[in-house]
Amino acid sequence: MKENILIDKSIAFAARIIKLHDYLIKNKKGLTISKQIIRSGTSIGANINEASYGQSHADFISKLHIALKETAETEYWIKLLYLSDYIEQNLYNSLLGDCIEIKRLLITSINTAKSNVAKNKK
């Protein structure tokens, strides 16, 4: 169940990141950062989706860890965009809130998957 929520939320978040990237390009703001955030922000969902087709429990967990790292990087870029005055506070709060929600869901999913692996070993 959580994986479907994660996939849905990460796709919606990626769409927002694409729109943010387009806005930054159109307004010639933070061009270097816009390239970074579109890479990391869209990679989150790609890795979550790929995890769904993992070859093993270890592969599934590994892909979720990669998504978690990309989430942390995206959170950094969002904060930097705000501190550099490239985005307004309302957009910052909204994007950061979505990013943190995905991060929390990922952490919960990783912990659950690790717990399930440990139970199966017993």
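Begin with the whole chain in cartoon representation: its secondary structure amounts to four helices and zero strands. The model is a predicted one. Traced along the sequence, the elements follow the pattern α-α-α-α. With the display reduced to the C-alpha trace, the chain spans about 55 × 20 × 20 Å along its principal axes.

Next, colour the chain by burial. Of its 122 residues, 38% are buried. A contact map adds a further view: among contacts between residues at least 6 apart in sequence, 71% join residues at least 24 apart.

Now select residues 57-83, helix α3, together with residues 89-121, helix α4. The two helices pack at an angle of about 160°, and their axes lie 9 Å apart. Because angles over 145 degrees count as roughly antiparallel, α3 is roughly antiparallel to α4. The crossing of α3 past α4 is left-handed. Showing the side chains of this contact brings up 18 nonpolar, seven polar and four charged residues.

Proceed to the largest nonpolar core, which comprises 29 residues. Select Phe13, Leu20, Ile48, Ile78 and Leu106, the members that touch the most other members of the core. At least two core residues come from each of α1 (2-26), α2 (31-51), α3 and α4. The greatest contribution is that of α4, with nine residues.

Finally, centre the view on Phe13. Leaving aside residues up to four places away in sequence, which residues does Phe13 touch? They are Gly41, Ile44, Thr74, Ile78, Leu95, Asp98, Cys99 and Ile102. One of them, Ile78, was already selected above among the core members that touch the most others.

Key:
Residues are numbered from 1 along each chain as its sequence is written. This is a predicted model: local features need pLDDT of at least 70, side-chain atom pairs count only at pLDDT 80 or more; totals for chains, interfaces and linings use all residues. Side-chain values use heavy atoms; hydrogens and water are left out. Axes are lines fitted to C-alpha atoms, for helices over the stretch in contact, and angles run from 0 to 180 degrees between N-to-C directions. Angles under 35 degrees count as roughly parallel, over 145 as roughly antiparallel, 65 to 115 as roughly perpendicular and the rest as oblique. A crossing is left-handed if the near helix is turned anticlockwise from the far one by less than a right angle, and right-handed if clockwise. Ala, Val, Leu, Ile, Met, Phe, Trp, Tyr, Cys and Pro count as nonpolar, Asp, Glu, Lys and Arg as charged, and the others, Gly among them, as polar. A nonpolar core is a set of buried Ala, Val, Leu, Ile, Met, Phe, Trp, Tyr and Cys residues joined through side-chain atoms within 4.5 Å. Buried means under 20% relative accessible area, exposed over 50%, partly exposed in between (1.4 Å probe, protein chains only). Contact means heavy atoms within 4.5 Å.
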